[in-house]
Amino acid sequence: MHSETLSFFEKVYEVARLIPYGRVTSYGAIAKYLGAARSARMVGYAMNSSHTKDVPAHRVVNRKGLLTGKHHFEGTNLMQQLVESEGVRVVNNQVQDFDKLFWDPSEHLL
DNA sequence: CTCTTGACTGAGG
DNA sequence: GCCTCAGCCAAGA
């Protein structure tokens with residue numbers, strides 16, 4: 001599962017699938033968890049390709065809790081609808097109570 | 001091999 | 001708090 005043969009994208013997908021229902025994390029947090037703290041942009045790039053795969057990409061937002069990837073989902077508001085369906089409140093693309101809902105992949109190891 | 005493309009981030013003003 | 005800029009680097013062409 002965590003083979004070295006997995007591409008960076010595939011590793012990102014594995015971590016994204018660990019995000020609990022109703023919680024969110026950031027591109028940077030996932031990158032850090034993978035030991036590639038400076039590859040946050042790559043995480044977002046990977047999410048762009050997660051379209052067809054079984055990955056909860058809507059639970060990944062930027063460090064401020066903004067839904068920066070919403071334009072990559074179908075329709076004009078699908079990403080927000082998905083997170084809100086999990087109980088996450090969003091106002092102007094900003095996740096409310098972001099500090100409380102933020103899930104750090106690194107905590108998963110503790 | 002080189003070059004471009006970014007769903008990012010931290011620092012500086 | 002805001003905005004801008006530069007560094008970041010995997011993948012695909």
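**A loop residue, a core and a pocket**

Asp97 sits in the loop that runs between strand S4 (94-95) and H5. This is a predicted model, and Asp97 makes a handy place to start looking around it. With a relative accessibility of 40%, Asp97 counts as partly exposed. Its backbone is a bit out of the ordinary: phi of Asp97 is near 55°, a positive value in a residue other than glycine. Most residues other than glycine have a negative phi. Asp97 can also be placed relative to Gly65: the two are 32 residues apart in sequence, and their C-alpha atoms are 9.1 Å apart in space.

Asn92 shows a similar backbone quirk, with a positive phi of about 55° although Asn92 is not a glycine. The residue belongs to the loop between strand S3 (90-91) and S4. Asn92 counts as exposed, because its relative accessibility is 70% and the bar for that label is over 50%.

Moving inside, the largest nonpolar core of the model has 26 residues, and Met47, Leu67 and Val95 have the most contacts within it. Quite a few elements chip in: helix H1 (8-16), helix H2 (27-33), H3, strand S2 (60-61), H4 and helix H5 (98-101) each supply at least two residues of this core. The largest share, four residues, comes from H1. Leu67, one of the residues with the most contacts inside the core, has plenty of company from further along the chain. Setting aside residues up to four places away in sequence, Leu67 touches Val61, Met79, Gln80, Val83, Val90, Asn93 and Val95.

Then there is the empty space. Rolling a probe the size of a water molecule over the atoms shows where such space is left. The largest pocket found in this model has a volume of about 360 Å³. Its lining is made up of 19 residues, and those nearest the pocket centre are Met47, Ser50, Ala57, His72 and Phe73. Sorted by class, the lining has nine nonpolar, eight polar and two charged residues. Helix H3 (40-48) and helix H4 (78-84) each contribute at least two residues to the lining. Met47 turns up in both settings: among the residues with the most contacts inside the core, and among those nearest the centre of the pocket.

Ser50, another of the residues nearest the pocket centre, is found in the loop between H3 and S2. Ser50 counts as buried, since its relative accessibility is 3%. A polar atom of the Ser50 side chain lies 2.6 Å from the backbone oxygen of Met47, which links two of the pocket-centre residues. Beyond its neighbours within four places in sequence, Ser50 is in contact with Tyr13, Val55 and Ala57.

Thr25, in strand S1 (residues 25-26), is buried, with a relative accessible area of 0%. Not counting residues up to four places away in sequence, Thr25 touches Ile19, Ile30, Arg59, Val60, Val61, Phe102, Trp103 and Pro105.

Arg59 comes up again next to Glu86, a residue in the loop between H4 and S3. The side chains of Glu86 and Arg59 make a polar contact at 2.9 Å. Despite being a charged residue, Glu86 counts as buried, because its relative accessibility of 13% falls under the 20% cut-off. Apart from residues up to four places away in sequence, Glu86 touches Tyr21, Gly22, His58 and Arg59. Val60 lies 26 residues from Glu86 in sequence, and the two C-alpha atoms are 13 Å apart in space.

Last up is Leu34, which lies in the loop between H2 and H3. At 26% relative accessibility, Leu34 counts as partly exposed. Leaving aside neighbours within four places in sequence, Leu34 is in contact with Phe8, Lys11, Val12 and Val15. Phe8 and Leu34 are 26 residues apart along the chain, with their C-alpha atoms separated by 8.8 Å.

Definitions and conventions
Residues are numbered from 1 along each chain as its sequence is written. Chains are lettered from A and ligands numbered from 1 in the order in which they are written. This is a predicted model: local features need pLDDT of at least 70, side-chain atom pairs count only at pLDDT 80 or more; totals for chains, interfaces and linings use all residues. Side-chain values use heavy atoms; hydrogens and water are left out. On a 1 Å grid over the protein atoms alone, a cavity is a set of points where a 1.4 Å probe fits but cannot get out, and a pocket is an open set with protein on both sides within 12 Å along at least five of seven lines; lining residues have an atom within 4 Å of a point. Grid points are joined across faces, edges and corners, and a volume is the space filled by probe spheres set on the points. A nonpolar core is a set of buried Ala, Val, Leu, Ile, Met, Phe, Trp, Tyr and Cys residues joined through side-chain atoms within 4.5 Å. Buried means under 20% relative accessible area, exposed over 50%, partly exposed in between (1.4 Å probe, protein chains only). Contact means heavy atoms within 4.5 Å. A polar contact is a pair of N or O atoms within 3.5 Å; within protein, one must be able to donate a hydrogen and the other to accept it, and residues adjacent in sequence count only if both atoms are side-chain atoms.
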